[in-house]
Amino acid sequence: MTRIEDIRKFYARLMAANASSPDPRLETVFGEVPREAFLGPGPWTIIAGNGKVTTPSADPAHIYQNVLVALDDDKGINNGEPFLHAMWIGKLAPKPGEAVCHIGAGTGYYTAVLARLVSPGGTVNAFELDEKLADLARQNLETYGNATVIHGDAVTTPLPASDIIYVNAGVAAPPAGWLKALRPRGRMIFPWRPAERVPLAVMVTRTENGFACDPFMRSWFIPCVGASIADPAATIPTREQAASSRSIWLVQDKAPDRTATAIFGDVWFSSKNIDARPRTGPRK
């Protein structure tokens, strides 16, 4: 085993331990996907708190740590914190054969991880709005035959039917189209930022009776263009109301009621848990 393989193996073990995932493939994949291949030539700029540090060399050992690496410093776009992504991906529990939609793919590192986890038989459609980053992601993912990079706007473009939607840009609320794209038992993680004071990560699961949601941690991502600013008519939650949300509804399926914690046009959040009992009437 070479030095960098040994370093990458230990990094992967740390990722899996932080994710607390029962899937042993998570460690395997983080150990096999080379992060340096997605960051451009070193030395690299590391984001440290409110400051920045340049690695002393182009030795990949410097980026096999829990560090954010700048991709476009002027736009504030980074290759995100590996501990966070490992935990989120572990929570989503990708399985072979599943269809993934990755929104905000950057240069494709976490897209590659997802592509490996849904192989064989699964696919990843990776949306990236920045043309330069989309081109880089396309090049970086050439050897991943089940990953497709789309230079486009995932907010206005209809998403393909997906088992997993992985969102890496902050939204005031998930567009209705994203919820509709989730298949039965589909999962979505997105950074919810309905207000500056409310930065949360939310896991959504499509059940037989609706969309269950779990705001499970604080989180901050750069804004998602076209979906990060709430309409003036929206009902913005307090931090406590946002954290108490347990389901998401499409207004077309159910009008907001007294359990509403936040309302954003055609999507609203409720403090009520989804009824686990199957419906007895016809499904829509």
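## Strands E1, E2 and E3

In this predicted model, strand E1 runs antiparallel to strand E3 (residues 68-72), and the two are joined by two bridges. If you would like a pair of residues to look for, Ile-47 has Leu-68 as its bridge partner in E3.

E1 (residues 45-48) also pairs with strand E2 (residues 51-54), again in the antiparallel sense, this time over four bridges. Here Thr-45 is matched with Thr-54 of E2. Two residues separate the strands of this hairpin, and Gly-49 in the hairpin has a positive phi near 65°.

## Two cis peptide bonds

Just ahead of this region in the numbering, have a look at Pro-43, in the loop that links helix H2 (25-32) to E1. The peptide bond leading from Gly-42 into Pro-43 is cis, and its omega is near 0°.

Another cis peptide bond connects Ser-119 to Pro-120, with omega about 0°. Pro-120 belongs to the loop between helix H4 (109-117) and strand E6 (123-128). Such spots are worth a glance, because most peptide bonds are trans.

## Positive phi outside glycine

Most residues other than glycine have a negative phi. Which sign does phi take at Ser-20? Phi of Ser-20 is positive, near 55°. You will find Ser-20 in the loop between helix H1 (3-19) and H2. Its relative accessibility is 61%, so Ser-20 counts as exposed; the cut-off for that label is over 50%.

Arg-185 is not a glycine either, yet its phi is positive at about 70°. While Ser-20 is in a loop, Arg-185 is part of a strand, E9 (residues 182-195). Arg-185 is exposed, because its relative accessible area is 65%.

## His-102 and its surroundings

Now turn to strand E5 (residues 99-103), where His-102 is located. Is His-102 buried or exposed? The relative accessible area of His-102 is 0%, so this residue is buried; buried here means under 20%.

What does His-102 touch, leaving aside residues up to four places away in sequence? Its contacts include Tyr-110, Thr-111 and Leu-114. Others among them are Val-124, Asn-125, Ala-126 and Phe-127, as well as Tyr-166 and Asn-168. For a sense of distance, the C-alpha atoms of His-102 and Ala-173 are 17 Å apart in space, while the two residues are 71 apart in sequence.

## The chain as a whole

Stepping back, the protein chain contains seven helices and 14 strands. Its C-alpha trace extends about 60 × 40 × 30 Å along the principal axes. A compact globule of 284 residues would have a radius of gyration near 19 Å, and the protein chain has 19 Å, so the two agree. Of contacts between residues at least 6 apart in sequence, 58% connect residues at least 24 apart.

Of the 284 residues, 48% count as buried. The protein chain exposes about 13,500 Å², and 54% of that area comes from carbon and sulfur atoms. As for charge, there are 30 positive and 28 negative side chains, and the centres of these two sets are 8 Å apart.

Methods:
Residues numbered from 1 in each chain as written. Predicted model: local features only at pLDDT ≥ 70, side-chain atom pairs only at ≥ 80, totals over all residues. Heavy atoms only, no water. Rg over C-alpha atoms; globule rule 2.2 N^0.38 Å. Buried < 20%, exposed > 50% of the residue type's maximum accessible area, 1.4 Å probe, protein only. Contact = heavy atoms within 4.5 Å. Areas by Shrake-Rupley, 256 points an atom, 1.4 Å probe, with all protein chains shown as cover. Lys, Arg positive; Asp, Glu negative; His and termini not counted. Charge placed at Lys NZ, Arg CZ, Asp CG, Glu CD. Pairing = 2+ DSSP bridges.
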